[in-house]
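Me: Hi! I have a structure here that I'd like to talk through with you. Could you take a look?

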Amino acid sequence: MTTNTELFSRAQSLMPGGVNSPVRAFGSVGGTPAFMVKADGPLLWDAAGKEYVDLVCSWGPMLLGHQHPAVIKAVHEAVDAGLSFGTSTPKESELAGYITSRVPTVEKVRMVSTGTEATMTAIRLARGYTGRNLIVKFAGCYHGHSDGLLAAAGSGVATLALPGSAGVTEAQASETLVLPYNDAAALEEAFNTHGDKIAAVITESAPCNMGVVEPAEGFNATIRRLTTEHGALMILDEVLTGFRLSEAGYFGLVQDENWAPDIFTFGKVIGGGMPAAALAGRAEVMDFLAPLGPVYQAGTLSGNPVAMAAGAATLANATAEVYEHINSRSAQLQEQIAQALNAAGVNHSIQSVGSLFSVAFGTAENGVRNYADAQNQEVFRYNAFFHSMLEQGVYLPPSVFEAWFVSSSHDDAAMDRIYAALPAAAQAAAA
Ligand code: PLP
């Protein structure tokens, strides 16, 4: 069995929708998902033997590209020493040390296995610390799939055009206030009305799950000011941006603005392709977690030695040169995309924050500033663009609401293949 159609058909008979994460089913862009069997550097191969230049990078973790020699070596060494001990291991402190030394204000780290666990635990910690219930989130921001955070979430929820999710109770949803992104007045009003009940505001450092949206100037600082004034915590979700946008993640880009969240969440890059994520922050807040504090959290595979080895090797090799390379490749790519779409007369905006970007269609005038703008675009144009690129051997995110990811392994040859595919894809988007 080698065709993607055959593999998808078998998968659909065995797993809901044939997938273990909804966006992989190509529901938004249509067609048959490619079943990948191998990856190396900037390349992917599907089961039928077709080769693709990868601009998804496993949705972010593969900062250094696939099969980076130092990461693979570290993983092999870890595997040879045993897969899981269910005890503390030295590698946990090594990875935690990289995180605390790179991100100013972070003093302590709790390792978990997924970004969903990290944000879910951050919320529980904020409630335990403040003794309050309400959480504020922004429409279009995705923080994983825990119940209270699914209201008006981006990512797969945006792709499927679901208002939230069945199975989330009214009681859970009623403890999450959802506000429009980039709307400081709405946030101020929410604090004026509910200020003494709000435990935390959670925000993506820069939203990347309704496509990429730049935080308006001062928006994150306003969140910090209002949370401080009202005794609430600020949770900065850097699961996607952490250690991707700079050596200290998104926070590294804005350190001179003089604000810091109480809790960060990380994932993706810190696992280097293995399941690892974390919440982190000031010791005084983090020490509210068990066993020191009253907020319970645990995990059979938390701090797994193989995942810690992959993450530590990834961060050890995520040097300033890596970020320079990714920034310059990403900037060139954005330029080439704009040229191709302009030449084909396609109304679009390139949405970017540092090296992370996405392309929105039919939005040139003001770009996308919030979830309403994101949903108001000509999604069908991306679908045509996506399939043309796929056909030509470039693997883009299978939804217009996701960010594109470049790695340090994207060399000239890989970039040239992407550039060569753009004119035809732009024509397809114009039709
Ligand atoms: N937070 C953000 C900003 C994300 O982008 C994601 C996943 O894409 C998550 C949380 C959830 O992470 P995970 O898929 O590892 O549960």
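Me: Which residues come nearest to the ligand?

Reply: This is a predicted model, and in it 16 residues surround the ligand. Thr-114, Gly-115, Thr-116, Gly-144 and Val-239 come nearest.

Me: And which helix gives the most to that shell?

Reply: That would be helix H4, residues 115–130, with 3 residues in the shell around the ligand.

Me: How does the shell split by class?

Reply: There are 9 polar, 5 nonpolar and 2 charged residues around the ligand.

Me: What ipTM and pTM does the predictor give the complex?

Reply: The ipTM is 0.99 and the pTM is 0.96. For the protein chain, the pLDDT averages 95, and 97% of the residues score at least 70.

Me: Good to know. Switching to the sheet: what is the strand order?

Reply: The order is S4-S10-S9-S8-S7-S5-S6, which makes an open sheet of 7 strands with mixed pairing. Strands S4 (108–112) and S6 (176–179) each have a single partner strand, so each has one side without a neighbour in the sheet. From one strand to the next, the twist averages 20 degrees.

Me: Which helices pack on it?

Reply: Helix H3 (residues 90–102) is one of them, and it touches S4, S9 and S10. The direction of H3 makes about 125 degrees with that of S4. Helix H7 (residues 184–194) packs on the sheet too, touching S5 (134–138), S6 and S7 (198–204). Between the directions of H7 and S6 the angle is about 150 degrees.

Me: Back to S4 for a second. Is that strand largely enclosed or left open?

Reply: S4 is largely enclosed by the rest of the structure, because 4 of its 5 residues are buried.

Me: And in what sense do S4 and S10 pair?

Reply: They pair in the antiparallel sense, over 5 bridges. In that pairing, Arg-110 has Leu-279 of S10 as its bridge partner. S10 (residues 277–281) is also joined to S9 (residues 263–266) by 4 bridges, and those two strands run antiparallel. There, Phe-264 has Ala-280 of S10 as its bridge partner.

Me: Nice. Now the backbone: where is there a cis peptide bond?

Reply: One joins Ala-290 and Pro-291, with omega about 10 degrees. Pro-291 sits in the loop between helix H10 (283–286) and helix H11 (305–317).

Me: Which residues other than glycine have a positive phi?

Reply: Thr-105 is one of them, with phi near 80 degrees, and Asn-182 is another, with phi near 65 degrees. Thr-105 lies in the loop between H3 and S4, while Asn-182 lies in the loop between S6 and H7.

Me: Are those two buried or exposed?

Reply: Asn-182 counts as buried, because 21 C-beta neighbours lie inside 10 Å and the cut-off for buried is 20 or more. Thr-105 has 15 other C-beta atoms within 10 Å, so that residue is partly exposed.

Me: Last one: where is Val-346, and what is in contact with that residue?

Reply: Val-346 is in the loop between helix H12 (320–343) and strand S11 (348–353). Val-346 counts as buried, because 24 C-beta neighbours lie inside 10 Å. Leaving aside neighbours within four places in sequence, the contacts of Val-346 are Leu-341, Phe-361, Arg-381, Ala-426, Ala-429 and Ala-430.

Me: How far apart are Val-346 and Ala-420?

Reply: They are 74 residues apart in sequence, and 18 Å apart in space from C-alpha to C-alpha.

Notes. Residues numbered from 1 in each chain as written. Predicted model: local features only at pLDDT ≥ 70, side-chain atom pairs only at ≥ 80, totals over all residues. Near = placed C-beta within 6 Å. Nonpolar A, V, L, I, M, F, W, Y, C, P; charged D, E, K, R; others polar. pLDDT = per-residue confidence, 0-100. Pairing = 2+ DSSP bridges. Axes fitted to C-alpha atoms, helices over the stretch in contact; angles between N-to-C directions. Contact = placed C-beta atoms within 7 Å. Buried ≥ 20, exposed ≤ 12 C-beta atoms within 10 Å, placed from the backbone.
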